[in-house]
Amino acid sequence: QVQLVESGGGLVQAGGSLRLSCAASGSIFSINAMGWYRQAPGKQRELVALITSSGSTNYADSVKGRFTISRDNVKNTVYLQMSSLKPEDTANYFCNANAISTARSHLEVWGQGTLVTVSS
């Protein structure tokens, strides 16, 4: 089927930057929207940023102006550039993709998550 593998999480001080990557692999025919979600301890998973196959983007109000989502359609990879990080950005970040497999199955795929910790 289709798999997503995230990378780039880690520990950073408040005000710092991190770049997350998420690469899709497997039996991919096409990938439509790709996005990043996050889940902090004790909280529900929330949308951080979304990007369509044509490049249209949408951001949570809490990250507008600080985070930038982008994608490389050739590499089937989505990125999240995070700047001016705050302790409240600490969470497990998950990549999500709406994909169509080579068997023409419509799939919603999740990555395993990558932890971002912002220290004050």
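Colleague: In which sense do β1 and β3 pair, parallel or antiparallel?

Modeller: In this model, which is predicted rather than determined by experiment, the partners can be followed residue by residue, and glutamine 3 has serine 25 in β3 as its bridge partner. Strands of a sheet pair through backbone hydrogen bonds, either parallel or antiparallel. For β1 and β3 there are 6 bridges, and the sense of the pairing is antiparallel.

Colleague: Which strands are the edge strands of the open sheet of 4 strands?

Modeller: Reading across this open sheet, the order is β1-β3-β8-β7 with antiparallel pairing, and the twist from one strand to the next averages 15°. Within it, β3 and β8 are joined by 6 bridges, and 6 bridges also join β7 to β8. An edge strand here pairs on one side only, and the two that do so are β1 and β7.

Colleague: How many residues of strand β8 are buried?

Modeller: Strand β8 covers residues 77–82 and has antiparallel partners in β3 and in β7. Two of the pairs can be named, since valine 78 in β8 is the bridge partner of cysteine 22, and glutamine 81 in β8 is that of threonine 68. To count as buried, a residue must have under 20% relative accessible area, and in this mostly covered strand of 6 residues the number that are buried is 5.

Colleague: Which residue in the hairpin of β7 and β8 takes a positive phi?

Modeller: The hairpin has 4 residues between its strands, and the residue in question sits in the loop between β7 and β8. Its phi is about 50° although it is not a glycine, and at 21% relative accessibility it counts as partly exposed. The residue is asparagine 76.

Colleague: Why does the disulfide of cysteine 22 and cysteine 95 tie together parts that are apart in sequence, and how many residues apart are they?

Modeller: The disulfide joins cysteine 22 to cysteine 95 with an S to S distance of 2.1 Å, and with -85° about the S-S bond the link is left-handed. Both cysteines are buried. Cysteine 22 belongs to strand β3 (residues 18–26) and cysteine 95 to strand β9 (residues 91–101), so the link ties together parts whose separation in sequence is 73 residues.

Colleague: Which element gives the most residues to the largest nonpolar core?

Modeller: This core has 32 residues, of which Trp36, Leu80, Met82 and Tyr93 touch the most other members. Leucine 80 shows how such contacts reach across the sequence, for its neighbours, leaving aside residues up to four places away, include Leu18, Trp36, Phe67 and Tyr93. Several elements give two or more residues to the core, among them β1, β3, β4 and β11, but the one that gives the most, with 5 residues, is β9.

Colleague: Which side chains of strand β11 point to one face and are buried?

Modeller: Strand β11 (residues 114–119) has side chains that alternate, and Leu115, Thr117 and Ser119 point to the face where they are not buried. The strand has a parallel partner in β2, over 4 bridges, with glutamine 13 opposite serine 119. On the other hand, β9 and β11 pair in the antiparallel sense over 3 bridges, and there tyrosine 93 has threonine 114 as its bridge partner. The side chains that point to the buried face are Thr114, Val116 and Val118.

Colleague: Which residues are linked in a network of salt bridges?

Modeller: Side chains of opposite charge can pair when their charged atoms come close. Arginine 38 meets glutamate 46 in a salt bridge at 2.7 Å, N to O, and aspartate 89 also meets arginine 38, at 2.9 Å. Aspartate 89 lies in the loop between β8 and β9 and arginine 38 in strand β4, so this second pair ties together parts that are 51 residues apart in sequence. The network consists of Arg38, Glu46, Arg66 and Asp89.

Colleague: Is aspartate 61, which forms a salt bridge with lysine 64, buried or exposed?

Modeller: The closest N and O atoms of aspartate 61 and lysine 64 are 3.1 Å apart, and lysine 64 is partly exposed, with a relative accessible area of 48%. A residue counts as exposed when this area is over 50%. Aspartate 61, at 63% relative accessibility, is therefore exposed.

Methods:
Residues numbered from 1 in each chain as written. Predicted model: local features only at pLDDT ≥ 70, side-chain atom pairs only at ≥ 80, totals over all residues. Heavy atoms only, no water. Disulfide = S-S within 2.5 Å. Buried < 20%, exposed > 50% of the residue type's maximum accessible area, 1.4 Å probe, protein only. Pairing = 2+ DSSP bridges. Core = buried A, V, L, I, M, F, W, Y, C linked by side-chain atoms within 4.5 Å. Contact = heavy atoms within 4.5 Å. Axes fitted to C-alpha atoms, helices over the stretch in contact; angles between N-to-C directions. Salt bridge = Lys/Arg side-chain N within 4 Å of Asp/Glu carboxyl O.
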